[in-house]
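Hi everyone, thanks for coming. Please have the sequence and the 3D view open, and we'll walk through a few spots together.

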Amino acid sequence: MERYIRLADKLSAWFGKAFAWCVMVMTLGVGYEVFARYLFNRPTAWAFDLTYMMYGTMFMMAGAYALSRDAHVRGDFVYRLWSIRTQATVELVLYFIFFFPGVLALVFAGWRYAGRSWRYLEVSVMSPANIPIYQFKSVIVAAGVLLVIQGIAQVFRCILAIRTGEWLKPDDDVEELEAVLQKEGLSAIAHGSEAVDVVEPREPRR
């Protein structure tokens, strides 16, 4: 089980980080649109389509990566008070009640949705440039399959946690700044004159 978990984590991380570059494509497209629109009065016909396709692709393909890193939203004001075995038991049940039915529905519905789009090579009705979007709709299926693979890994994580009383941690990865500051304390940001107001006060002289 642990071997499968590690493999699924790496697969999800690879796809998540690869598709994170969509934000650069989106930024360049929007930047070019602003430049062309306001300096040359020549707005593009494709920038809006590029923006929502890149953002949607990045958002969908990062879902499994976020799941592998426990980054999805949870009502942990109650969850954190439970023992690890209780947390794992509740998660295991909820994966089968909510997660897998929802994700499998996404895969099957997305397959029909994307297949229909590919059959007539659908283009965007909101774009004067008639941007093709059939390939974009295939992302729904790919994201769903990745979530299923990672969901199985999370089920295995729950089983191991029930057996051992400890969560199997994912490999070291990027962390949010807030989490880093919580771990390292105020010294992490007290590195210059601009941070003098957050430095812990010294003992008063006697």
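Let's start with the second largest pocket, which has a volume of about 240 Å³. Keep in mind as we go that this is a predicted model. How do we find a space like this? Rolling a probe the size of a water molecule over the atoms shows where empty space is left.

Which residues line the second largest pocket? Please click through Phe59, Met60, Ala62, Gly63, Tyr65, Ala66, Arg69, Ala71, His72, Leu106, Ala143 and Leu147. Helix 3, helix 4 (63–68) and helix 7 (134–164) are the elements that each give two or more residues to this lining. Helix 4 provides the largest share, with 3 residues. Sorted by class, the lining has 9 nonpolar, 2 polar and 1 charged residues.

Now, on to the rings. How many aromatic pairs does the structure hold? There are 14 of them, and I've picked two to show you.

For the first one, find Tyr32 and Trp46. Their ring centres are 5.9 Å apart and their planes meet at 15°, so we call this pair stacked. The pair links distant parts of the chain, as Tyr32 sits in helix 2 (residues 22–39) and Trp46 in the loop between helix 2 and helix 3 (47–61), 14 residues apart. Are these two buried or exposed? Tyr32 has a relative accessibility of 45%, so it counts as partly exposed. Trp46 comes out at 34%, and therefore it is partly exposed too.

The other pair is Tyr95 with Phe99, and this one is edge-to-face: the centres are 5.2 Å apart, with 80° between the planes. Both residues lie in helix 6 (residues 84–119), 4 residues apart, which is about one turn of the helix. Tyr95 has 9% relative accessibility, so it counts as buried. Phe99 is buried as well, because its relative accessible area is 18% and the cut-off for buried is under 20%. If you zoom out a little, you can see that ring pairs link Tyr95, Phe96, Phe99 and Phe100 into a cluster.

Before we finish, a word on confidence. The protein averages a pLDDT of 85, and 87% of the residues score at least 70. Where does pLDDT stay under 50? That happens over residues 192–199, for which the model has 5 contacts beyond four places in sequence. Where pLDDT is low, the predicted coordinates should not be read in detail.

That's my tour, thanks for listening!

Technical notes
Residues are numbered from 1 along each chain as its sequence is written. This is a predicted model: local features need pLDDT of at least 70, side-chain atom pairs count only at pLDDT 80 or more; totals for chains, interfaces and linings use all residues. Side-chain values use heavy atoms; hydrogens and water are left out. Rings of Phe, Tyr and Trp (its six-membered ring) pair if their centres lie within 6.5 Å; planes under 30 degrees apart count as stacked, over 60 as edge-to-face and the rest as tilted. Buried means under 20% relative accessible area, exposed over 50%, partly exposed in between (1.4 Å probe, protein chains only). On a 1 Å grid over the protein atoms alone, a cavity is a set of points where a 1.4 Å probe fits but cannot get out, and a pocket is an open set with protein on both sides within 12 Å along at least five of seven lines; lining residues have an atom within 4 Å of a point. Grid points are joined across faces, edges and corners, and a volume is the space filled by probe spheres set on the points. Ala, Val, Leu, Ile, Met, Phe, Trp, Tyr, Cys and Pro count as nonpolar, Asp, Glu, Lys and Arg as charged, and the others, Gly among them, as polar. pLDDT is the predictor's confidence in each residue, from 0 to 100. Contact means heavy atoms within 4.5 Å.
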